[in-house]
Amino acid sequence: MPRAPRLASSRARSGQARPQVNSWSHLRLKDRIRPGVQVLFVGINPGVRSAQTGHHFAGYSNRFWKLLWESGLLTEPVTCEHDDRLPAFGFGITNLIARPSPGINDLAPSEYLEGWRTLERKIRRYRPRVVALVGVTLYRAIEPLIPADANRTTRITKVRTIALGAQSATIHGAKVFVLPNPSGRNANFSYAEMLAAFRSLRLAISARPQRRGRAGGASA
């Protein structure tokens, strides 16, 4: 059985993170996914404003929707208020963990493990061509949970540098693509670097798709 990733604060690492009782902690976002989805965007979990508004990537400083438009992934500008239109462009959106929080330090390791199980079921059901993980931290969290296949002879468990873009991992036949976290608080990447990563995704999905194998388990 895979172990939950060790991330965030010491309290979270001990598994003692507890959700705060407030007016938004019980709120949940609706997934925006339809059969035939080409790219499934996955965030770690909703922020407070997303929970309050009921829309994905709704933070005031979040550039997700701007990046979709300026990268050419969308043919017209769409804002978080109209995230239900995303499937019309062949895209879907969900989160690894459904519970909202002010930051990832409030999440417990057990939530990552349970979130991975749920996400894997969604990928198996909808069979996207690409799973686009929005945030390097997100990929680092779930990478140890993805079963290895013949393409990887060893498991990489130590902290390592993860490059943006296509990864060697696949999940139920879907390619894994890592995007930067588009939050305005992300100081690790400039906006130009974020835009380049989203444009790289556009180019990747514009390429002629290879024939997919028979449905099977997750692999990396």
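Start by selecting Met194, Leu195, Ala197, Phe198, Leu201 and Ile205: these are the buried residues of helix H6. Buried here means under 20% relative accessible area, exposed over 50%, and partly exposed in between, with a 1.4 Å probe and protein chains only. Look down the axis of H6 and you will see these residues fall within an arc of 160°, so they line one face of the helix. That arc is taken from the directions from the helix axis to the C-beta atoms.

A word on what you have open. This is a predicted model, numbered from 1 along each chain as its sequence is written. Local features need pLDDT of at least 70, side-chain atom pairs count only at pLDDT 80 or more, totals for chains, interfaces and linings use all residues, and side-chain values use heavy atoms, with hydrogens and water left out.

**Stop 1: the rest of H6**

Now select residues 191-206, the whole of H6. The helix has 16 residues and reaches 23 Å from its first C-alpha to its last, close to the 22 Å expected at 1.5 Å a residue. The expected span is 1.5 Å times one less than the number of residues. Helices (H or I, at least four residues) and strands (E, at least two) are DSSP runs, numbered from the N terminus.

Turn to the face of H6 that points away from its buried side, and you meet the exposed residues Ala192, Leu203 and Ser206. What covers the buried residues of H6? Show strand E1 (39-43), helix H3 (64-70), strand E2 (91-95), strand E3 (130-134) and strand E5 (174-179), which are included in that cover.

**Stop 2: strand E2**

From that cover, pick E2, where five of its five residues are buried. Phe91, Ile93 and Asn95 point one way from the strand, while Gly92 and Thr94 point the other way. In a regular strand the side chains alternate between the two faces of the sheet.

Add E1 to the selection: E1 and E2 pair in the parallel sense over five bridges. Two strands count as paired if DSSP finds at least two bridges between them. To find one of these bridges on screen, select Phe41 and its partner in E2, Ile93.

**Stop 3: strand E5 and its partners**

Next, go to E5, which is mostly covered, with five of its six residues buried. E3 and E5 run parallel and are joined by five bridges; Ala132 has Phe177 in E5 as its bridge partner. E4 and E5, by contrast, run antiparallel, with four bridges. Here you can select Gly165, which stands opposite Val178 in E5.

Where E4 and E5 form a hairpin, there are two residues between the strands, and His172 takes a positive phi near 50°. Most residues other than glycine have a negative phi, and most peptide bonds are trans.

**Stop 4: the two nonpolar cores**

Which residues touch the most other members of the largest nonpolar core? Select Leu96, Trp116, Leu133 and Ile142, from a core of 29 residues. A nonpolar core is a set of buried Ala, Val, Leu, Ile, Met, Phe, Trp, Tyr and Cys residues joined through side-chain atoms within 4.5 Å. The elements giving two or more residues to this core are E1, helix H4 (109-126), E3, helix H5 (136-142), strand E4 (165-171) and E5. H4 gives the most, with six residues.

A second, separate core has 26 residues, including Phe91, Phe177, Leu195 and Phe198. Leu195 and Phe198 are already familiar from the buried residues of H6.

**Stop 5: helix H4 and its end**

Select H4, with 18 residues and a reach of 26 Å from its first C-alpha to its last, close to the 26 Å expected at 1.5 Å a residue. Its buried residues include Trp116, Leu119 and Ile123, and also Glu111, Glu120 and Lys122. Just past the helix comes Arg127, whose phi is positive, near 50°. Arg127 lies in the loop between H4 and E3 and counts as partly exposed at 23% relative accessibility.

**Stop 6: two more loops**

In the loop between helix H2 (48-53) and H3, select Phe57. Its phi is near 50°, a positive value in a residue other than glycine, and Phe57 is buried, with a relative accessible area of 15%.

Finally, select Ile104 in the loop between E2 and H4, together with Asn45. These two are 59 residues apart along the chain, and their C-alpha atoms are separated by 7.9 Å. Ile104 is partly exposed, at 29% relative accessibility.

Terms used. Contact means heavy atoms within 4.5 Å.
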